[in-house]
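Colleague: I would like a close look at one part of this model, the open sheet in the second chain, together with what surrounds that part. Could you take me through it slowly, as you would for someone in a first year of study?

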Amino acid sequence: MHFLAPLLLIGLAAAVLPWIIHRIGRRRARPVRFAAMELLLRAEREVSARRRLRDVALLLARTGLVIALPLAFARPFAEVRSDLPAVTTHSQSAVIILDESASMRRRLHRDDTPFDVARARARDIVEHLSPDSEIALVLASEGSAAPVAELSSDRARVVAALASVGVSARRADFAAALRRATQVLASSTRGDRLIYVITDLQATGWEDVTQATLAAGPEIVVLDASGGQPWTNRAVVGLGAEPAPEEGAHGIAVVAEIANYATEPVRGLGITLRLDGSEVARGFVDVPAAGRARKRFVHTVSGVAHHAEVVIDHDGFPLDDRRACRVEASRGLRVLVVNGDPRTVRTEDEAFFLEAALRAGGSNFSVTTVLPDDLANRDLTSFGVIFLANVARPNAAAAAAITRYVERGGGLFISVGDRVDADTWNQTMKGVLPQPLGLKRSASALPGTRPEGETVDTRPAERLAPIDRRHPLLAAFPARGEGLASARFFQFLLLAPVPEVPTRRIVLRYENGAPALVDAEVGRGRVLLLTTSVDREWTDLPIRPGFLPLVQEAARYLAAAPSGDATASVSVGGKREIVLGADDKRIEVVKPNGDSRWLSPAPHAGEQRARHAVLFDETDEPGLYRVRGARADGTVDDRPDAVFAVTLDPGESDPARLADDKRPDRASARGAGGPPPRRRMELWHALGAAVIVLVLFESLLTLRFRRGRVKT
Amino acid sequence: MDARGDTRAPAQPLALDPTDIARLGSMSVRARVIVEGAFAGMHQNPHAGSSIEFSEHKEYAPGDDIRRIDWKAVGRVDRYYIKRFEDETEMRTFLLIDSSASMGYGRKGVTKLEYASYVAAALAYLLAQQGDPAGLLLFDEKTRQYLPPRTRGGHIRDLLVALEAAYPAGRTEPGRALAEVGEIADRRSLIVLFSDLLDAPADLSDRLRQVRSRGNDVVLFHILDPDEVELPYDEVTDFEGMEPEDARRLLVDPRDLAASFARESAALRERWRQACLEARVEYRFATTAEPPAEVLRAFLFARQRARR
């Protein structure tokens, strides 16, 4: 303890005054010879305990008062070592990136979460920064908003914003958060510009942060909110449903994938399957150390659409101990493949890879392949999806049939090739083409090297740009698009530019920006246009791992027949397009916590009628989201076919810590400019309060005893 | 003892305070003033002379004056009785005064011993006026002075002189004094005990009962200083005992004890009042602040009412 005016401590000598006065008072007591000593002593015995307590309390209160007064006037203070970096003492422009991703919800030892710790440390920084500093607040989870998006000197506002922030279930995206923080700091003219990242240092979310992007940016200070505690976790990282023929036509198999992130194996981990909310099976699973295990539940269901949920024994992070998905009992999807370039060598056949992908195990697709000339003779309405693969020039009758088919709700997948006559297509298939076809383009440069999936084909090629998983078609793909990213595209068709409309979206692009896969709504149906071939003539996509799921998901997406974890699931924070039933005027989405939201299809500018689908974006919590449709007559019915699951990003379950060499704080920042700062803590306020309390206490005590005397 | 004449309820007594009485020249004057004050309230004349009122019958015994034989009674019961008049109902009275050191307490005005002496002197004076013999026993832990009951001319003077000379000293032992008087009083007597009873042993109530059981009329005057009823001190005081060998001391702020002291004092009085009631002893409490004449008058008045 230190004092600003230590000389005033001389006054402490007065602490003996109450004792001296007490002693003097006793010595000056008048002696009296008294006859009724017996009565006096009896009376004394009656009150002595209370009186002594009062005397001691009074003496202590008065002594405390005499001590507290000179102490308070001496202005004492203590220097406490702050656990914040030294740089926090500088005047600066600072952006605090608060990690509120899903992993921050796990429980620490004292039942608080890393998020609680992080928020408290953020508040410490806000309160500790010099008064002229400016502060902004950015969140680290994917797609989150910035609570204080511009630099502000208003501490109260930042503290209030911190208090209002809640932890999310989203994946962390530090690249985006750092970009945003850098943008915020760009408006500052100060020399000292810092970004404080308060996180549990989970490696997930840092993948896209590169040293190159950090080099020119502001100084970054990373604060660990986990206390460095090692974290072991078990999680349900995958859940899917597939037919179970061994159980008959209505047999389904729900397959859960359990990950164990600990260095010790887990034996006998309890696992429960709930179907439509009821527990139907319970079992145990052994999961190897740092490995995964699959648990397959077989069950028989009646009806078509169901939803399943798998729950494992809870650990410190219960959010990932359950996962849900929609289950569809066997319902064959009839697919018509129109082969525009049949060959006698099977592997060179235009439809070879396409058919193989559609017929792959578990898809439950019924595939019919025809030549373009046979198209007009077919009843298209019996098919859920039609694939037009490198069809040269559809005749008028076929084009009219296809257009009618799509407008009535059918799904159409168009892939091109060297046989496609763009002009004819643009004329006859104008009604269903998302964009008019343009010139064929050949890649002119060798693609950049990628560590995975290289082939011996050395032709110049394009690659796909990073995928946007918010599109339902791509929701099942890993965040970085593994399986698609390695594909090479040697030739493709360019598309003629058209005005942007909300009913058309570019699902995939080449690295040069040209569209690779375009999604468009046509009437009540949907069309996907792939600007390259589905054989190996223009691309090696068919032999890439992503081709099979892309084709199957495209078929389901076009037929509006999602199944399992893939198409009926969306990641937390993602958007889900829900197609209204034929008679539905609006729909209600019921969240896992019971909250519901009514949605109506809204007409867009330039469209004569409303879209017959709605986009739901409030997917904040993992779980099953139920859908109900409201008809014009006021009746409301469940839509089991539209139920979808929102799933946690498996990366958030992985406790792997960010390696030290990948931490974005530089050596100078990590040391934070020397030893931790000392903070002066004024103590005289507390002493002043103690003086007031003691005065009140002494007065109350004296008054109480005087009153007691008056009463008697 | 009897108070003759009008015994109507007292009205507007003319009584001097103890301090005023203390200023009077001698104990005989004090006794006379107190008695006059007491009877002034009762509208009686204490100097009315001997009574000729019939009081009681006594069976004839050889030597009795045959002129006083009640022939009517002989006719009724066929036995010889002689009439006795009031002035002939001689009652021996013993005045027992506690002269221990504690009786010497008196912060303002007179001490308890002085006060007891004044009341005792007034009683003795009144008895002498009526021709009743009165004796005196001054005691502490032992009998300090004893004057047996007599009616001769100079006896009252000796008694008053002894009271004048009484001084507080020693420990108190009222039970022993009572026992001694009990031995002396061989016929129905009036025994009047003056004490503060502050350090009286518990067996005093047994002694009272014993003396009372022998047919004696016993009166206990409980005399306390007002300070012993309610503690008046208002600053830290070092209290010490008054009696010899009493080493008890207490340094205390009396204001803290005032309430409980008053309760203890009241409990003491109540305890003795109850003990007297059980022993059929008349209990009279007085503080040294009250006019002695008032105390005497109340005593006489109560006895008159009890006799009727």
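**The open sheet of chain B**

Modeller: In chain B, six strands form an open sheet with mixed pairing, and their order across the sheet is β5-β4-β3-β6-β7-β10. At the two edges stand β5, residues 143-150, and β10, residues 282-287, of chain B, each of which pairs on one side only. From one strand to the next the sheet twists by 15 degrees on average. Please keep in mind throughout that this is a predicted model.

Let us begin at the β5(B) edge. The neighbour there is β4(B), residues 134-139, which runs antiparallel to β5(B) and is joined to that strand by five bridges. Two of the facing positions can be found by eye in the structure: Leu137(B) stands opposite Tyr146(B), while Leu138(B) has Gln145(B) as its bridge partner in β5(B). The chain passes from β4(B) to β5(B) through a hairpin of three residues.

At the other side of the sheet, we meet a helix. Helix α8 of chain B, residues 254-279, lies across β7, residues 217-224, and β10 of chain B, and the helix runs at about 155 degrees to β10(B).

The helix α8(B) also leads us to the other chain, since α8(B) gives ten residues, the largest share, to the side of chain B that touches chain A. The contact as a whole takes 29 residues from chain B and 23 residues from chain A. On the chain B side, the elements that give two or more residues are β8, residues 237-240, β9, residues 249-252, and α8. Sorted by character, the residues on this side of chain B divide into 13 nonpolar, five polar and eleven charged.

Strand β8(B) also pairs across the two chains: with β2 of chain A, residues 30-33, β8(B) pairs in the parallel sense over four bridges. One position to look for in this pairing is Val32(A), whose bridge partner in β8(B) is Phe239(B).

To set the sheet in its wider setting, chain B has nine helices and ten strands, and buried residues make up 44% of its 308 residues. Of the contacts in chain B with a separation of 6 or more, 77% are between residues 24 or more positions apart. Chain A, for its part, has 13 helices and 33 strands, and 42% of its 712 residues count as buried. Among the contacts in chain A between residues at least 6 apart in sequence, 75% join residues at least 24 apart.

Finally, chain A offers a helix on which burial can be followed residue by residue. Helix α5(A), residues 174-186, has 13 residues and reaches 18 Å from its first C-alpha to its last, close to the 18 Å expected at 1.5 Å a residue. The buried residues of α5(A) are Phe174(A), Ala177(A), Leu178(A), Arg180(A), Ala181(A), Val184(A) and Leu185(A). Seen down the axis of α5(A), these buried residues fall within an arc of 160 degrees, so they line one face of the helix. Among the elements that cover the buried residues of α5(A) are four strands of chain A, namely β4 (93-98), β5 (134-139), β6 (148-152) and β7 (193-199).

How values were computed. Residues numbered from 1 in each chain as written. Chains lettered and ligands numbered in written order. Predicted model: local features only at pLDDT ≥ 70, side-chain atom pairs only at ≥ 80, totals over all residues. Pairing = 2+ DSSP bridges. Axes fitted to C-alpha atoms, helices over the stretch in contact; angles between N-to-C directions. Contact = placed C-beta atoms within 7 Å. Nonpolar A, V, L, I, M, F, W, Y, C, P; charged D, E, K, R; others polar. Expected span 1.5 Å × (residues − 1). Buried ≥ 20, exposed ≤ 12 C-beta atoms within 10 Å, placed from the backbone. Arc of directions from axis to C-beta.
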